[in-house]
Amino acid sequence: MFLTDIFNETNVVAFILLFFRFAALFLAVPIFSHNNIPMNIKAAMAFFFTVVFYSSMPPLAIEINVATIIIAILGEFMLGLAVGIILQVAYNVITFAGGQISFMMGFSMASAIDPQSGISMPIISQFLSLIALMVLLALNLHHWVLLFVDASLKTIPLGGFLMTPDLFEYIIHATSRMFLVGFMIAFPIVALSWLADVIFGMLMKTMPQFNLLVIGFPIKIMVAFVVLIATLTATMLILKTEMLDAFNAIEMFF
């Protein structure tokens, strides 16, 4: 009798929906969505946290039938996708800036497979992405995500998430801000590279024997690395600010 009370249809459906909420977040949110984490590990983590958070979940408020359960599961996936997009846009500020820096340094052809996303990106983008990943771990971003799930259970009932026009508008605004902040991060190196190009052009006019390929490019790369190291702390602080703003936006919409 005790087991039938626990495993009734309401509790089972609630458990399944909570599992899909965690699974969708682990597929889309930075750190958890890392490409090197196997899918069975992500599924195991989603099941474990479902068991942990199940006791703090409010009662299920949807009607139990096949149609509503399917719609509720899709809603949980949309919730995870929306949160993941908002956080990934804030995180991609770093990779976009790294792409601009790589282009100015002449490293645009030097690309490698990013272990985070599994796609090819410039080497500077990958370097900044790995540094940013360690910074986010130091800032306990993974704990923020779990705290968000705990708060969302009180504000967003299972199966009750709906995409709103305000959410789409914010994602568009955040994407445009990603380009703006990315250019801002890359600006010191881009500006010095342009200044170096002007100086090298003047030297080539006054000294035709000046070899740009032999002397100019190594100097540009050296200056860019010096500026990159000097501004790395400020870059990570900007990333922290963007991630905090993204989490504040999540709280505002959800």
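This is a short talk on the fold, the core and a few details of one protein chain.

Hi everyone, and thanks for coming. One thing before we look around: what you see is a predicted model. The mean pLDDT of the chain is 78, and 87% of its residues reach 70 or more. Confidence does vary along the chain. Helix 1, residues 2–6, has the lowest, with a mean of 50, while helix 3, residues 39–53, has the highest, at 85. Where pLDDT is low, please don't read the predicted coordinates in detail.

Now, the overall layout. The secondary structure adds up to nine helices and two strands. If you start at the N terminus and walk along, you meet them in the order α-α-α-α-β-β-α-α-α-α-α, with the two strands following the fourth helix. The chain has 254 residues, and 40% of them count as buried. Looking at contacts with a separation of 6 or more, 79% are between residues 24 or more positions apart.

So much for the overview; let's go inside. Which residues touch the most other members of the largest nonpolar core? They are Phe22, Val83, Leu87, Ile101, Leu158 and Met243, in a core of 67 residues. Several elements give two or more residues to this core, among them helix 2 (9–28), helix 5 (123–138), helix 8 (212–230) and helix 9 (232–253). Helix 4 supplies the largest share, with 16 residues.

Let me stay with Phe22 for a moment. Setting aside its neighbours within four places in sequence, which residues is Phe22 in contact with? Try finding Ala46, Phe49, Thr50 and Phe53 on your screen, and then add Leu146 and Val149. Of the elements we have met, helix 3 covers residues 39–53, and helix 6 covers 141–155.

Back to helix 4, this time with a partner. Helix 4 and helix 7 pack with their axes 8 Å apart, at an angle of about 20°. Angles under 35 degrees count as roughly parallel, so helix 4 is roughly parallel to helix 7. The crossing of these two helices is right-handed.

My last stop is a loop. Between helix 5 and helix 6 you will find Asn140. Its phi is near 65°, which is a positive value in a residue other than glycine. Is Asn140 buried, exposed or partly exposed? Its relative accessibility is 32%, so Asn140 counts as partly exposed.

That's my tour, and I'm happy to go back to any part of it.

Notes: Residues numbered from 1 in each chain as written. Predicted model: local features only at pLDDT ≥ 70, side-chain atom pairs only at ≥ 80, totals over all residues. Heavy atoms only, no water. pLDDT = per-residue confidence, 0-100. Helix = DSSP H or I, 4+ residues; strand = E, 2+ residues; numbered from the N terminus. Core = buried A, V, L, I, M, F, W, Y, C linked by side-chain atoms within 4.5 Å. Buried < 20%, exposed > 50% of the residue type's maximum accessible area, 1.4 Å probe, protein only. Contact = heavy atoms within 4.5 Å. Axes fitted to C-alpha atoms, helices over the stretch in contact; angles between N-to-C directions. Parallel < 35°, antiparallel > 145°, perpendicular 65-115°, else oblique. Left-handed = near helix turned anticlockwise from the far one by under 90°.
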